[in-house]
Amino acid sequence: MGFEIVPESSSCRLRVFIDYDLPQMAPARWLGLIFADVYARWCTDRMAKDAAAYFGKTGAQTVASTS
């Protein structure tokens, strides 16, 4: 889990990511298959919105994910 901030011409691009390996054993693996995508999307969206809110004082905007 992490993020990177890349300067652009008059702004910055924030990239938020999660590295995740499914558990090997059932039932944890089944639960991971069911909920991992939803949780990862919620978590990264929250991180991006929190960063935009923090840096919003300088005009940060939230942009939809491209992946």
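## Cysteines, an aromatic pair and helix 1

With a disulfide taken as a pair of cysteine sulfur atoms within 2.5 Å, the count of disulfides comes to zero. The model is a predicted one. A disulfide is a covalent bond between the sulfur atoms of two cysteines. Accessibility values are available for C12 and C43: C12 is exposed, at a relative accessible area of 53%, whereas C43 is buried, at 8%.

The table lists relative accessible areas for these cysteines and for W42.

| Residue | Relative accessible area | State |
|---|---|---|
| C12 | 53% | exposed |
| C43 | 8% | buried |
| W42 | 52% | exposed |

The structure holds one aromatic pair. The ring centres of Y39 and W42 lie 5.9 Å apart and their planes meet at 35°, so this pair is tilted. The tilted class takes the angles that are neither under 30 degrees nor over 60. Y39 and W42 both belong to helix 1, which covers residues 28-55, and they are three residues apart, about one turn of the helix. W42 is exposed, with a relative accessible area of 52%.

Helix 1 has a kink of about 50°, centred on F35. Which residues of helix 1 are buried? They are G32, C43, A51 and A52. For C43, the relative accessible area of 8% falls under the 20% limit, so the residue counts as buried. Strand 2, residues 12-17, is included in what covers the buried residues of helix 1.

Conventions
Residues numbered from 1 in each chain as written. Predicted model: local features only at pLDDT ≥ 70, side-chain atom pairs only at ≥ 80, totals over all residues. Heavy atoms only, no water. Buried < 20%, exposed > 50% of the residue type's maximum accessible area, 1.4 Å probe, protein only. Phe/Tyr/Trp six-rings, centres within 6.5 Å; stacked < 30°, edge-to-face > 60°. Helix = DSSP H or I, 4+ residues; strand = E, 2+ residues; numbered from the N terminus. Bend = angle between axes of the 7 residues up to and from the residue. Contact = heavy atoms within 4.5 Å.
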